[in-house]
Amino acid sequence: MKKALQMMIDVLVDSRKVVDMQREKQAERLKQAEKHLSDMEHSRELIEKDLREAYENYKLGMTDKETYLEQRKTYEHVLACMQENIEKQKTAVSKMADVDVPEVGGLEMLEGQLKLTELNREMVDAFVEEIVVYAKDRVEIKWKFKDEFGEVGRV
């Protein structure tokens with residue numbers, strides 16, 4: 001089946017279109033990751049503002065010292081966790097930005113052509129409509145696209 005699928009890919013799949021589609025998907029993932037990072041940084045700023053307001057309330061005598069110290073301890077703990085997560089997200093965004101063409105599950109670009117590296121569930125779902133298993137080692141593959149090879153669909 002892997003050999004038959006590779007032959008189908010060689011003939012029917014425009015590698016440039018696949019690469020363009022993957023680049024678009026990668027750009028969308030990067031955009032979402034950057035937005036998530038921005039949201040995280042905004043949340044951190046809100047917590048920092050709350051911490052400043054807690055201090056102002058203490059200075060104005062609206063809360064006592066013990067309450068303020070508890071609030072500060074809580075806010076500082078939350079801020080430390082948030083900063084750690086922000087750093088992790090920055091690293092993830094940086095790695096995503098460095099990727100030109102992300103790998104397609106089970107495919108890779110070799111010398112300008114898509115090569116099937118493994119046969120996995122994602123690949124089967126993408127290309128195969130149905131697999132019919134007969135007795136005596138006969139298997140028929142029904143592709144999701146026109147079978148240009150006729151008998152190649154039968155393995």
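**Two helices and what holds them side by side**

In UniProt, an unreviewed entry lists residues 23-57 as a "coiled-coil region". The structure shown here is a predicted model, and it can be set beside that record. Over residues 23-57 the chain is 100% helix and 0% strand, and the C-alpha atoms at the two ends of this stretch are 51 Å apart.

Now for the overall layout. The protein chain has 4 helices and 4 strands, and from the N terminus on they come in the order α-α-α-β-β-α-β-β. Of its 155 residues, 25% count as buried. As for contacts with a separation of 6 or more, 59% of them are between residues 24 or more positions apart.

Helix α3 covers residues 65-98, which makes 34 residues. Is its length what one would expect from 1.5 Å a residue? By that rule the helix should span 50 Å, and its end C-alpha atoms are 49 Å apart, so the two values agree. At the start of α3, a side-chain oxygen of Asp64 comes to within 3.4 Å of the backbone nitrogen of Glu66. Further along, the buried residues of α3 are Tyr68, Leu79, Met82, Ile86, Gln89 and Val93. A bit of helix geometry helps when looking at such a list: an α-helix has 3.6 residues a turn, so residues three or four places apart point the same way.

Some of these residues belong to the largest nonpolar core, which has 6 members: Leu30, Ala33, Leu37, Met40, Ile86 and Val93. Both α2 and α3 supply at least two residues of this core, with the largest share, 4 residues, coming from α2. Ala33 is a handy spot to look at here. Leaving aside residues up to four places away in sequence, Ala33 touches Gln89, Val93 and Met96.

Two glutamines are worth a look as well. Gln89 sits in helix α3 and, at 15% relative accessibility, is under the 20% cut-off, so Gln89 counts as buried. Its side chain reaches the backbone oxygen of Ala33 at 3.1 Å. Apart from residues up to four places away in sequence, Gln89 touches Ala33, His36, Leu37 and Met40. Gln26, in turn, is found in helix α2 and is buried, with a relative accessible area of 8%. The side chain of Gln26 reaches the backbone oxygen of Met96 at 3.1 Å, and it also makes a polar contact with the side chain of Arg29, at 3.2 Å.

Finally, there are the aromatic rings. The structure holds 2 aromatic pairs. In one of them, the rings of Tyr58 and Tyr68 have their centres 5.0 Å apart and their planes at 10°, so this pair is stacked. Tyr58 lies in helix α2 (residues 15-59) and Tyr68 in helix α3, 10 residues apart, and the pair links distant parts of the chain. The two tyrosines differ in how well they are covered: Tyr58 is partly exposed, with a relative accessible area of 24%, whereas Tyr68 is buried, at 8%. Together with Tyr55, they form one aromatic cluster.

Methods:
Residues numbered from 1 in each chain as written. Predicted model: local features only at pLDDT ≥ 70, side-chain atom pairs only at ≥ 80, totals over all residues. Heavy atoms only, no water. Expected span 1.5 Å × (residues − 1). Buried < 20%, exposed > 50% of the residue type's maximum accessible area, 1.4 Å probe, protein only. Polar contact = N/O pair within 3.5 Å; in protein donor to acceptor, adjacent residues only side chain to side chain. UniProt positions renumbered as here; feature names shortened; annotations may be inferred. Phe/Tyr/Trp six-rings, centres within 6.5 Å; stacked < 30°, edge-to-face > 60°. Contact = heavy atoms within 4.5 Å. Core = buried A, V, L, I, M, F, W, Y, C linked by side-chain atoms within 4.5 Å.
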